[in-house]
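Student: I would like to go through this model step by step, with you asking me to reason about what the atoms show. Could we begin with the overall form and then move inward?

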Amino acid sequence: MSLTLDPSPAVPHAATRQSPTRAAIAATMALPLPELIFRAQSVHRAHFNPTEVQISTLLSIKTGGCPEDCGYCPQSASYDAGVPASKLMDLEPVLDAARRARDAGAQRFCMGAAWRSPKDHDLDRVAAMVEGVKALGMETCVTLGMLRPDQAARLKSAGLDYYNHNLDTSPEFYGRVITTRIYQDRLDTLAAVRDAGISVCCGGIIGMGEDLDDRAGLLATLADLDPQPESVPINALVAVRGTRLGDSAPIDPIEFVRTIAAARIAMPKSTVRLSAGREALSDEAQALCFLAGANSIFYGDTLLTTSNPAVARDNALFEKLGMTRRA
């Protein structure tokens, strides 16, 4: 499989299927909110139980010291954001964390390492973590940076279910956020993951200074992947002091809901996950996100190095909304 960045990422696959264009997604996102929510909820109900939420837990297995300069990331060595570099965790503490997550109701255990790309000897240790978590009866996901095809195949042989590698934003806005790798690098990693037979978890970040057209461009690029990602995490920027985007204003919650709804309509069969930034959303805003087609969250008090809603708050929200965890 080969993915190549088209200068006009909204152009559909002529020989396979019609992908929504950037213009169409932007127009959808700009609909009156009641109409947008109605359309998104209609699509959602055609493919999912609207009262069920998939639960994932994320653990940082190697924190800080990353050579990339992603403007949002406190783990970048380019910034002084108070996140010290650490070594890759040992196997048993990772499995202990996975057991706790499973017992708290998580179906998927995600492991993140702050690397540009993994070294082969580190990948062997991560593969052992994947095997151990699989043995606990959980789905597995890792995010390790860029992968070569042989590395993706190694993770597949260990039983990896999902690989997370976000596009972050539109192709045009990308260079204003990251300069240490290009957009095509990300597409090449996604191609390697697909070719290895691993499911793709790929989304982006809202609130980095992009405009509506950039958000539409991100969603159009995601929707144009063939097949579309199985999981689409939508993050609201968590502005961390010391990073290049540390002074960014919070995203308007309604704009975030619009992005969720447009993602649901553009990628009907994908699981759309509320990811980073959820702690800043009110219960009412999260309820709107679920109505707009979100059907997954990260569960637990911490996402890598930033805070997340407390488990008790999530449980109370689910009870209030009459929603249940996906089995």
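Student: What radius of gyration does the protein have, and why does it agree with a compact globule?
Tutor: The radius is taken over C-alpha atoms, and the globule rule is 2.2 Å times the number of residues to the power 0.38. Because the protein has 327 residues, a compact globule would come near 20 Å, and this agrees with the value for the protein, which is 18 Å.

Student: What kind of model is this, and how are its residues numbered?
Tutor: This is a predicted model, in which local features need pLDDT of at least 70 and side-chain atom pairs count only at pLDDT 80 or more, while totals for chains, interfaces and linings use all residues. Side-chain values use heavy atoms, with hydrogens and water left out, and residues are numbered along each chain as its sequence is written, from 1.

Student: How many helices and strands are there in the protein?
Tutor: Both are DSSP runs numbered from the N terminus, where a helix (H or I) needs at least four residues and a strand (E) at least two. Counted in this way, the protein has 10 helices and 12 strands.

Student: What share of the residues of the protein count as buried?
Tutor: Buried means under 20% relative accessible area, with a 1.4 Å probe and protein chains only. Of the 327 residues, the share that meets this is 57%.

Student: Which helix gives the most to the largest nonpolar core?
Tutor: A nonpolar core is a set of buried Ala, Val, Leu, Ile, Met, Phe, Trp, Tyr and Cys residues joined through side-chain atoms within 4.5 Å. The largest one has 92 residues, and those with the most contacts inside it are Tyr72, Phe109, Leu155 and Phe256. With 7 residues, the helix that gives the most to this core is H8 (residues 253-266).

Student: Which residues of helix H9 are buried?
Tutor: Helix H9 covers residues 283-291, and its buried residues pack against several elements, including helix H2 (33-47), H8 and helix H10 (311-321). After H9 comes Gly293, with a positive phi near 115°. The buried residues of H9 are Ala285, Gln286, Ala287, Cys289 and Phe290.

Student: Why does Thr189 count as buried, and which residues is Thr189 in contact with?
Tutor: Thr189 is found in helix H6 (residues 183-195), and Thr189 counts as buried because its relative accessibility is 1%. Contact means heavy atoms within 4.5 Å. Leaving aside neighbours within four places in sequence, the contacts of Thr189 are Gly145, Met146, Leu147, Tyr163 and His165.

How values were computed
Buried < 20%, exposed > 50% of the residue type's maximum accessible area, 1.4 Å probe, protein only.
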